[in-house]
Amino acid sequence: MEPMTLLWLLSHLTMSPNRSQFFEGDFVSLSCEEDDSSTRWNLTRNTRKQQRTQCGVRWGITAGSSCNISYVFPLDSGVYWCESRDGPISNMVNLTVTGGSVILQSPVPPVMEGDDVTLLCKTKTTPSNLPAAFFKDGVFIGKEPTGHMTIQHVSRSDEGLYKCDISGHGESPSSWITVTVQPTSGAPPSASTHSQLTLTLLRYLVVFCPYFISTLLMVSLYLSRANNQ
């Protein structure tokens, strides 16, 4: 396993509230859940205006293992991750801040295949849960009276760019939903595996059989001469 592959297992970036879209003025807390407490890390981000800057450097306040942003602006939109001296050590999270009045609340990706995923289209004003239309990759997929849509037993085909629209209030930014396939144990061998095994067996027989036959002939000749003496 490559060193960088090992590094990716050391930490997991979480966000509170657990969503990827926020209204301007919201409070956001990001933290690195560590699997190796000996690893020193920094919470880092990359935005359109700032390239690879750490929490506490012109943005955020470090609080223990967390980085708090008390008032987010659209300029805070970008990619966030945990980073050690050797490079990234966590998943990357895309945070979107809008100055508009509608957001789409969805789980911070990735989600596991087979899980149920609930999307919530929410307005900044009261009441927040109004009838909303939902779209995937720009295509209308349904309208819900309370702004909630649940996608049951998600699969890789459900991956895509989602957004919502509330009539009279506007449209949310788009969020990408990633679906991770759960690893399977004890899966049956594939057709290619069977072919490789068959080919290996044939090669073994081609090489082994002549030696086996010649050995039998030599033993047979030896026994025949011994009997004739």
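Two strands count as paired if DSSP finds at least two bridges between them. Strand 8 (residues 78–84) and strand 10 meet that condition: 3 bridges join them, and they run antiparallel. Tyr80 stands opposite Val93 of strand 10 in this pairing. All of this is read from a predicted model.

Stay with strand 10, which covers residues 93–98. Strand 10 also pairs with strand 2 (residues 21–23). Here the sense is parallel, again over 3 bridges. Gln21 stands opposite Thr96 of strand 10. How many of the residues of strand 10 are buried? The count is 5 of the 6, so strand 10 is largely enclosed by the rest of the structure.

Strand 8 leads on to strand 4, residues 41–47. These two strands run antiparallel and are joined by 7 bridges. One facing pair is Thr44 with Trp81, its bridge partner in strand 8. Strand 4 has a further antiparallel partner in strand 5 (residues 53–54), with 2 bridges between them. Arg45 stands opposite Thr53 there. Strand 4 and strand 5 form a hairpin, and 5 residues lie between them. Arg52 sits in the turn, with a positive phi of about 50 degrees. Strand 4 is largely enclosed by the rest of the structure, because 5 of its 7 residues are buried. In a regular strand, side chains alternate between the two faces of the sheet.

Next, the nonpolar interior. The largest nonpolar core has 20 residues. Met15, Leu30, Leu43 and Tyr80 have the most contacts inside it. Several strands each supply at least two residues of this core, including strand 1 (11–16), strand 3 (28–34) and strand 7 (66–69). Strand 4, strand 8 and strand 10 do so too. A second, separate core has 17 residues, among them Val111, Ile151, Cys164 and Ile166.

Leu43 shows how the first core is knitted together. Leaving aside neighbours within four places in sequence, Leu43 is in contact with Leu13, Leu30 and Tyr80, among others. Its contacts also include Cys32, Cys55 and Cys67. Trp59 and Trp81 touch Leu43 as well. So do some polar residues, among them Ser31, Thr53 and Gln54.

The surface has a nonpolar feature of its own. Tyr71, Phe73 and Leu75 make a nonpolar surface patch of about 310 Å². Leu75 lies in the loop between strand 7 and strand 8.

Now the charges. The whole structure holds 6 salt bridges. Three examples follow. Arg19 forms a salt bridge with Asp26, and their closest N and O atoms are 3.1 Å apart. Are these residues buried or exposed? Arg19 has a relative accessible area of 12%, so it is buried. Asp26 is at 19%, so it is buried too, the cut-off being under 20%.

In the second pair, Arg156 forms a salt bridge with Glu159, with the closest N and O atoms 3.5 Å apart. Arg156 is partly exposed, with a relative accessible area of 47%. Glu159 is buried, at 18%. The third pair is Glu171 and Lys163, whose closest N and O atoms are 3.3 Å apart. Glu171 counts as partly exposed at 44% relative accessibility. Lys163 counts as partly exposed as well, at 21%.

Two further charged residues deserve a stop. Lys136 is found in strand 14 (residues 132–136). Its relative accessible area is 19%, so Lys136 is buried. Which residues does Lys136 touch, not counting those up to four places away in sequence? They are Ile141, Ser157, Asp158, Glu159, Gly160, Leu161 and Tyr162. Glu159 is the salt-bridge partner of Arg156.

Glu144 is found in strand 15 (residues 139–144). Its relative accessibility is 27%, so Glu144 counts as partly exposed. Not counting residues up to four places away in sequence, Glu144 touches Leu130, Pro131, Ala132, Phe134 and Met149. Cys121 is 23 residues from Glu144 along the chain, and their C-alpha atoms are separated by 9.4 Å.

Methods. Residues are numbered from 1 along each chain as its sequence is written. This is a predicted model: local features need pLDDT of at least 70, side-chain atom pairs count only at pLDDT 80 or more; totals for chains, interfaces and linings use all residues. Side-chain values use heavy atoms; hydrogens and water are left out. Buried means under 20% relative accessible area, exposed over 50%, partly exposed in between (1.4 Å probe, protein chains only). Helices (H or I, at least four residues) and strands (E, at least two) are DSSP runs, numbered from the N terminus. A nonpolar core is a set of buried Ala, Val, Leu, Ile, Met, Phe, Trp, Tyr and Cys residues joined through side-chain atoms within 4.5 Å. Contact means heavy atoms within 4.5 Å. Patches are made of residues with over 30% relative accessible area and no salt bridge: like charges are joined within 9 Å, nonpolar side chains (Val, Leu, Ile, Met, Phe, Trp, Tyr) within 5 Å. Accessible areas come from the Shrake-Rupley method with a 1.4 Å probe; for residues, only the protein chains shown count as cover. A salt bridge is a side-chain nitrogen of Lys or Arg within 4 Å of a carboxyl oxygen of Asp or Glu.
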